[in-house]
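Here is a short guided look at one protein model. Keep the structure open beside the text and hop between the two as you read.

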Amino acid sequence: PREFSGSTNSQGQVMSLDSTVGYLFSNHFGVDAGIPIYFVRGTATTSTGGTTSTSTTGLGDAYLQFRLAFPNPVLNYKIVLTGTVPTGDTTTGLSTGHATYDWTNHFDHHFGRWTPFAELGLGNSIPSNFVFNRPYASFGHVAHFQAGAGYQVADWVSVAASAYDVAPWGTQTIFSRVVGKSGSPPGMGGSGPVFGLANQTTGGSDLANDNGFSAGADFSPGSVLDFSLGYSP
């Protein structure tokens, strides 16, 4: 299937087109592989304290996923193990330049059209599809959490809202998608998150801290095409 997803926040818009191939070995185990294409429009801070608009299109990191599902009348449990290889460009923030991994655990239960859910995961990079598409990529150890609920409006459309938290530890590197390689280093004017000030920034765990709320919708007009749209303030 092909999935087109997008998100909007105060730093701009990040959209991706993901072509995925996979095989379902049973009701409990499946494998997926793919490579996303990113479309980024953002706003960066210049060395004089002004702003400039940026636009980037390119391939992200190729990935391989192993999915395990354990349905249960009381609580459904799913595991997603994801590994990536650095096929994207680090200077445009479409890759970390490193192989990454993520282990996500998902729990949910259906109450008619409503589905409350909770997730917790561990990895060495914030997953590219965690809650929304970010205007940066990160490299460093993180735990991530999410809790919320979805509602099935119709067979082909659903909506969801959630609260999330990213809890990093150790050294973190942020690769901006809105500041080019020649962008100003931190401290050269302007204020705000580091991905709006410099192309790459390495520092403590605070660099990758993130938490907030998100809302989104998924549309499936056919069996081979999905759309998702999200917003996070």
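What follows starts with the whole chain and then visits a few spots in turn.

## The big picture

First things first: this is a predicted model. The protein has 15 strands and zero helices. It runs to 233 residues, and 41% of them are buried. Its accessible surface comes to about 11900 Å², with carbon and sulfur atoms taking 62% of that.

How do the contacts spread along the chain? Among contacts with a separation of 6 or more, 56% are between residues 24 or more positions apart.

## How confident is the model?

The mean pLDDT of the protein is 85, and 85% of the residues reach 70 or more. One stretch to treat with care is residues 185–189, where pLDDT stays under 50. The model has 11 contacts beyond four places in sequence for that stretch.

## Strand 12 and its partners

Let's go to strand 12, which covers residues 172–176. Five of its five residues are buried. How do its two faces compare, covered or open? Both are covered: Gln172, Ile174 and Ser176 sit on one side, Thr173 and Phe175 on the other, and all are buried.

Strand 12 pairs with strand 9 (residues 136–139), running antiparallel to it with four bridges. Another four bridges join strand 12 to strand 13, again antiparallel. Phe175 is a handy residue to follow here: Ala137 stands opposite Phe175, and Phe175 also stands opposite Gln200 in strand 13.

## The nonpolar core

The largest nonpolar core counts 18 residues, and Val40, Ile126, Phe130 and Ile174 touch the most other members. Strand 3 (29–45) and strand 11 (157–168) are the elements that give two or more residues to this core.

Ile174 brings us back to strand 12, where its side is covered. Beyond its neighbours within four places in sequence, Ile174 is in contact with a list of residues including Tyr136, Ala137, Val194, Phe195, Leu207 and Ala208. Asn199 is on that list too, and it gets its own stop next.

## Asn199, tucked into a loop

Asn199 lies in the loop between strand 12 and strand 13 (200–203). Is Asn199 buried or exposed? Asn199 counts as buried because its relative accessibility is 5%, which is under the 20% cut-off.

The side chain of Asn199 reaches the backbone oxygen of Thr91 at 2.7 Å. Setting aside residues up to four places away in sequence, Asn199 touches Thr90, Thr91, Ile174, Phe175, Ser176, Val179, Gly180 and Lys181.

## Strand 8, a two-faced strand

In a regular strand, side chains alternate between the two faces of the sheet. Strand 8 (residues 114–123) shows such a pattern. Thr115, Phe117, Glu119, Gly121 and Gly123 point to one face and are buried. Trp114, Pro116, Ala118, Leu120 and Leu122 point to the other face and are not buried.

Strand 8 pairs with strand 7 (residues 100–108) through seven bridges, antiparallel, and Phe117 is the bridge partner of Asp108. The hairpin of these two strands has five residues between them, and there Gly112 takes a positive phi near 65 degrees. Strand 8 also runs antiparallel to strand 10 (residues 142–154), with 10 bridges joining the two; Glu119 stands opposite Gln146 in that pairing.

## A backbone oddity at Val131

Most residues other than glycine have a negative phi. Val131 goes the other way: it is not a glycine, yet its phi is positive, about 70 degrees. You'll find Val131 in the loop between strand 8 and strand 9.

## Two partly exposed residues

Ala160 sits in strand 11. With 34% relative accessibility, Ala160 counts as partly exposed. Ala160 and Gly150 are 10 residues apart in sequence, and their C-alpha atoms are 4.0 Å apart in space. Leaving out residues up to four places away, Ala160 touches Ala149, Gly150, Ser214, Ala215 and Gly216.

Over in strand 2 (residues 12–24) you'll meet Ser19. Ser19 counts as partly exposed because its relative accessibility is 31%, between the 20% and 50% cut-offs. Ser19 and Pro36 are 17 residues apart in sequence and 6.8 Å apart in space, C-alpha to C-alpha.

Conventions. Residues are numbered from 1 along each chain as its sequence is written. This is a predicted model: local features need pLDDT of at least 70, side-chain atom pairs count only at pLDDT 80 or more; totals for chains, interfaces and linings use all residues. Side-chain values use heavy atoms; hydrogens and water are left out. Buried means under 20% relative accessible area, exposed over 50%, partly exposed in between (1.4 Å probe, protein chains only). Contact means heavy atoms within 4.5 Å. Accessible areas come from the Shrake-Rupley method with a 1.4 Å probe; for residues, only the protein chains shown count as cover. A polar contact is a pair of N or O atoms within 3.5 Å; within protein, one must be able to donate a hydrogen and the other to accept it, and residues adjacent in sequence count only if both atoms are side-chain atoms. A nonpolar core is a set of buried Ala, Val, Leu, Ile, Met, Phe, Trp, Tyr and Cys residues joined through side-chain atoms within 4.5 Å. pLDDT is the predictor's confidence in each residue, from 0 to 100. Two strands pair if DSSP finds at least two bridges between them.
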